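Work through the exercises below using the sequence and the predicted model. Each task is followed by a solution in steps.

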Amino acid sequence: MTESPIRVGVLGARGRMGATVVKAVEGAPGLEVAAALDAGDDLAGLGAAQVVVDFTHPDAVMGNLRHLIAHDVHAVVGTTGFTDERLAELRELLAPKPGLGVLIAPNFALGAVLAMRFAAQAAKFYASAEVIELHHNRKADAPSGTSAHTARAIGEARAAAGLEPGPDATTSEVDGARGASVGGVRVHSVRLPGLVAHEEILFGGEGETLTIRHDSIDRSSFMPGVLLAVRTVVSRPGLTVGLENVLEL
Ligand SMILES: NC(=O)C1=CN([C@@H]2O[C@H](COP(=O)(O)OP(=O)(O)OC[C@H]3O[C@@H](n4cnc5c(N)ncnc54)[C@H](O)[C@@H]3O)[C@@H](O)[C@H]2O)C=CC1
Ligand SMILES: O=C(O)C1=N[C@H](C(=O)O)C[C@H](O)C1
């Protein structure tokens, strides 16, 4: 007997990512588009969607997730802007829903996930680490979700290794020149038309540097990860943060 396709709803369907997701789901075996909604549409229009993919806006995503969890719909979330408080609220909402899954990934591109993993591995070996993220100029949030996730992982690895803050002789600074501190790691954000999504993780130590760089040059780079997440979330209850937890790395 053939299994029925997973019914997928897309929120943010007219956006850069949402529109790409709709096409990817349409072309994916075992999945079908159940609804494609954007700002202003009633969430009731999600109908019988079993999994909803959210690529909307940091200001909208929590409202969407509250609705989805209340209606027992699994969620795959690419939208950025997640804080510890937001994640704690989601864990609380999911606690009485043992069969329901929410999978949030700051980046669905395989290379970006690998770059984050390599950076976490390298972190304990270098005195200093900084992150540069480069994106198109229509991005709402800075720093990017990916760079924040990367910086936190580096910060945790440095703390576990007992590393002090990296040496830095700066005593005079124009506001922002040294970037934002995320998890104790400096993150620098560049916004330029022509870019898609890029990240450089730089390490410095005695007489050497190491640079790990990832480039998404097209939004198709995110689609294998999104489709994997959709197929996975239906049988992965609770909150998962990061595609690294799903990939066998
Ligand atoms: N996790 C990942 O791999 C990736 C994450 N992103 C993130 O995804 C989000 C969206 O990025 P883009 O597609 O570039 O933005 P976009 O601005 O092109 O698209 C967002 C869409 O969401 C719609 N929207 C806003 N509020 C809504 C609501 N309440 N309900 C339904 N739709 C709503 C907007 O009208 C717009 O069409 C951002 O947070 C971005 O950082 C982007 C690329 C990859
Ligand atoms: O807004 C984007 O474009 C992207 N957002 C995500 C982020 O903030 O990390 C993922 C990717 O970098 C593209």
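**Exercise 1.** Find which polar backbone atoms lie close to a nitrogen atom of ligand 1, and give the distances.

Solution. Start with A105: one of its polar backbone atoms is 2.8 Å from a nitrogen atom of ligand 1. Next take A39, where a polar backbone atom is 3.1 Å from a ligand nitrogen. Then turn to the oxygen atoms of the ligand: one of them lies 2.9 Å from a backbone N or O atom of M17. Finally, consider the area: on its own, ligand 1 has 860 Å² of accessible area, of which the protein covers 78%.

**Exercise 2.** Describe the surroundings of ligand 1 by residue and by residue class.

Solution. Count the shell: there are 20 residues around ligand 1. Pick out those that come nearest, namely R16, D38, T80, A105 and F108. A105 thus belongs to this nearest group and also supplies the backbone contact at 2.8 Å. Sort the shell by class: eight residues are nonpolar, seven are polar and five are charged. Last, place the site among the pockets: ligand 1 takes up the space of the largest one.

**Exercise 3.** Which parts of the chain does the salt bridge between E89 and R66 tie together?

Solution. Searching the whole structure gives nine salt bridges. One of them joins the side chains of E89 and R66, with an N to O distance of 2.6 Å. Assign each partner to its helix: E89 is in helix α3 (residues 84-94) and R66 is in helix α2 (residues 61-70), so the bridge ties together parts 23 residues apart in sequence.

Conventions: Residues numbered from 1 in each chain as written. Chains lettered and ligands numbered in written order. Predicted model: local features only at pLDDT ≥ 70, side-chain atom pairs only at ≥ 80, totals over all residues. Heavy atoms only, no water. Near = heavy atom within 4 Å. Polar contact = N/O pair within 3.5 Å; in protein donor to acceptor, adjacent residues only side chain to side chain. Areas by Shrake-Rupley, 256 points an atom, 1.4 Å probe, with all protein chains shown as cover. 1 Å grid on protein atoms, 1.4 Å probe; cavity = no way out; pocket = protein on both sides within 12 Å on 5 of 7 lines; lining within 4 Å. Sits in = over half its atoms within 2 Å of the grid points. Nonpolar A, V, L, I, M, F, W, Y, C, P; charged D, E, K, R; others polar. Salt bridge = Lys/Arg side-chain N within 4 Å of Asp/Glu carboxyl O. Helix = DSSP H or I, 4+ residues; strand = E, 2+ residues; numbered from the N terminus.
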